[in-house]
Amino acid sequence: MLKSGVCGWMCDFGESVPLKHLPSTIPDPFYHALYPILWAGLNRQAIQQAKHILDNDDTLCNSDDITFFMRSGNILSPGISLGFWLGDQM
């Protein structure tokens, strides 16, 4: 995706906990609050891993320009997510 010139994306569905994959050791309300952070962290990790590839390759994306944004989150999300969208208000 990054090599094709797509330098950003909406990291949606961080509010949708995949119920069939819930760890049995974590209470549901806690996991519901934790899931957006895990989802944002996974996307941020993908960017970090791609940076060394992009910096050593002729691609349309500069590694410093890659971004993603989310609509889900909690008080810890600003430290992980790169941007936010308020969602469909109407």
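These are my notebook entries on what I looked up in this predicted model.

**Entry 1: the core**

I began with the largest nonpolar core and counted ten residues in it. They are Leu-2, Trp-9, Cys-11, Ala-40, Ile-47, Ala-50, Leu-54, Ile-66, Phe-68 and Met-70. I then asked which element gives the largest share of this core. Helix H1, residues 28-55, does, with four residues.

**Entry 2: Cys-11**

I picked Cys-11 from the core list and looked up its contacts, leaving aside neighbours within four places in sequence. Cys-11 is in contact with Trp-39, Asn-43, Phe-68, Phe-69 and Met-70. Two of these contacts, Phe-68 and Met-70, are also on the core list.

**Entry 3: the aromatic pair**

I looked for aromatic pairs and found one in the structure. Trp-9 and Phe-68 form the pair, with ring centres 6.3 Å apart and planes at 15 degrees. Planes under 30 degrees apart count as stacked, so I noted this pair as stacked. Where do the two residues lie? Trp-9 is in strand S1, residues 8-10, and Phe-68 is in strand S2, so the pair ties together parts that are 59 residues apart in sequence.

I also checked whether the two are buried or exposed. The cut-off for buried is under 20% relative accessible area. Trp-9 has 17%, so I put it down as buried. Phe-68 is at 0% relative accessibility and therefore counts as buried too.

**Entry 4: Phe-69 and the surface**

Phe-69 is in strand S2. I looked up its relative accessible area and got 33%, which makes Phe-69 partly exposed. Phe-69 also turned up in a nonpolar surface patch, together with Met-10 and Trp-85. I noted the area of this patch as about 230 Å².

**Entry 5: two serines after S2**

I turned to the segment after strand S2, which spans 67-69, and found Ser-77 there. Ser-72 has its place in the segment after S2 as well. Are these serines buried or exposed? Ser-72 has a relative accessible area of 8%, so it is buried. Ser-77 is at 4% relative accessibility, so it counts as buried.

Next I asked which residues each serine touches, not counting residues up to four places away in sequence. Ser-72 touches Gly-14, Glu-15, Pro-36 and Phe-84. For Ser-77 I wrote down Ile-37 and Phe-84. Phe-84 is on both lists.

Terms used:
Residues numbered from 1 in each chain as written. Predicted model: local features only at pLDDT ≥ 70, side-chain atom pairs only at ≥ 80, totals over all residues. Heavy atoms only, no water. Core = buried A, V, L, I, M, F, W, Y, C linked by side-chain atoms within 4.5 Å. Buried < 20%, exposed > 50% of the residue type's maximum accessible area, 1.4 Å probe, protein only. Contact = heavy atoms within 4.5 Å. Patch = residues over 30% accessible without salt bridge, like charges linked within 9 Å, V, L, I, M, F, W, Y side chains within 5 Å. Areas by Shrake-Rupley, 256 points an atom, 1.4 Å probe, with all protein chains shown as cover. Salt bridge = Lys/Arg side-chain N within 4 Å of Asp/Glu carboxyl O. Phe/Tyr/Trp six-rings, centres within 6.5 Å; stacked < 30°, edge-to-face > 60°.
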